[in-house]
Amino acid sequence: MSADVFLGLGCNLGDRMATLGRALDGIAALDATYVLAVANVVESEPWGVTDQPAFANTVARVDTAIPADRLLVALKELEAGLGRTAGVRYGPRVIDIDILLYGDEEWETPALEIPHPRLAERDFAVTPLLEIAPDVRWPDGSAIAREGATEGRVSRVLGPVPGYEDRTPLPARVHAADGGGEDSWEQVASSQFNVAGGLTYATQLRFEASVLEQEGIPIAWDPLPPAEEYNLYLMPRTYKLLVPSRYADRARTLLDEVRSAPVVIDEDDVRGGPDGD
């Protein structure tokens, strides 16, 4: 039995982006653990101890079969392997990895508290969390929102963690890279990937994306669909297909043509969509 887990990662010493990449590599190397999605890295103001460099933070969505208490031990070992040593609370650090949410489980032991007790008040955790999981909820079913997240304000977006671009939402990456903003892209299709018929909807939307790519039209997803089909069962939500505004009319025309014509879809050709072979 695996769990849908959200991990918060942060650091403010050394090459921050490279360190976050090594931390994600270490998480992905854990037994029965898969990194499904990674938020764009945000820079945030230090809080608690303010006289220190700005932090770089992200959140990773992970599928793991490791129980929460054992996962905590593994993450502490990973932190130590990346050079973290004991220091001042809220002070500078090489790496920090926290379990924010572990499915709908709640833990309260001297060593582990889930949900993370300060998640709701931390902008640098809530903002990237909602980027990759806008519908995420607390174990009691209530929505997680940015209201109240006033500590560690996010000051700018740094972009995706190197090596994890394929698991980071693309529109925000474009926004961070060229300042074009989300309004420079337009939604031309969307679909709800869910348990009931989800594979059919996923295949159809990925097929439509492949048609646009074959016509030389750049595409983006919001959010990025999981690469593995079975992971769709963990993420029943709406996925949007976007193109740059200047291609929108042409894209809609092509999609209308595709939908009005009988089409035999070859699963092998479209499996994995933009992330496939």
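1. Let's start with the pair Arg156 and Glu43, whose side chains meet in a salt bridge, 3.0 Å from N to O. This is a predicted model, so please read every distance here as computed from predicted coordinates. The two partners sit in distant parts of the chain, 113 residues apart: Arg156 belongs to strand β8 (residues 154-159) and Glu43 to strand β3. Their surroundings are worth a look too. Arg156 counts as partly exposed, at 46% relative accessibility, whereas Glu43, at 12%, counts as buried.

2. How many salt bridges does the structure hold? The count is eleven. One of them joins Glu215 and Arg250, with the closest N and O atoms 3.7 Å apart. Glu215 lies in the loop between α5 (198-214) and β10 (220-222), and Arg250 in helix α6 (residues 248-260), so this pair ties together parts that are 35 residues apart in sequence. Glu215 is partly exposed, with a relative accessible area of 46%, and Arg250 is likewise partly exposed, at 41%.

3. Next, have a look at Glu79 and Arg84, whose side chains form a salt bridge of 3.5 Å, N to O. Glu79 is buried, at 3% relative accessibility, while Arg84 is partly exposed, with a relative accessible area of 28%. The pair also belongs to a network of salt bridges that links Lys76, Glu79, Arg84, Arg93 and Asp96. As a general reminder, side chains of opposite charge can pair when their charged atoms come close.

4. Some members of that network turn up again at the largest pocket, which has a volume of about 920 Å³. Which residues lie nearest the centre of this pocket? They are Arg84, Arg93, Asp96, Asp98 and His116, out of 43 lining residues. The elements that give two or more residues to the lining are β1 (3-11), β4 (55-64), α2 (68-81), β5 (96-102) and α3 (123-132). Strand β5 gives the most, with five residues. If you sort the lining by class, you get 23 nonpolar, nine polar and eleven charged residues.

5. Helix α3, one of the contributors to that lining, deserves its own point. Nine of its ten residues are buried, so α3 is largely enclosed by the rest of the structure. The buried residues include Asp123, Phe124, Ala125 and Val126 at one end of the list, followed by Thr127, Pro128, Leu129, Leu130 and Ile132.

6. Asp63, in strand β4, makes a nice contrast with the paired acids above. What is the nearest side chain of opposite charge to Asp63? That is Arg61, but it is 8.7 Å away, and Asp63 is buried without a salt bridge. A salt bridge needs the side-chain nitrogen within 4 Å of the carboxyl oxygen, so this separation does not qualify. Asp63 does have a polar partner, though: its side chain makes a polar contact of 2.9 Å with the side chain of Ser2.

7. Finally, is Gly48 buried or exposed? With a relative accessible area of 56%, Gly48 is exposed. You will find this glycine in the loop between β3 (41-44) and β4. Its C-alpha atom is separated by 8.9 Å from that of Gly152, which lies 104 residues apart from Gly48 along the chain.

Definitions and conventions: Residues numbered from 1 in each chain as written. Predicted model: local features only at pLDDT ≥ 70, side-chain atom pairs only at ≥ 80, totals over all residues. Heavy atoms only, no water. 1 Å grid on protein atoms, 1.4 Å probe; cavity = no way out; pocket = protein on both sides within 12 Å on 5 of 7 lines; lining within 4 Å. Points joined across faces, edges and corners; volume = space filled by probe spheres on them. Helix = DSSP H or I, 4+ residues; strand = E, 2+ residues; numbered from the N terminus. Nonpolar A, V, L, I, M, F, W, Y, C, P; charged D, E, K, R; others polar. Buried < 20%, exposed > 50% of the residue type's maximum accessible area, 1.4 Å probe, protein only. Lys, Arg positive; Asp, Glu negative; His and termini not counted. Polar contact = N/O pair within 3.5 Å; in protein donor to acceptor, adjacent residues only side chain to side chain.
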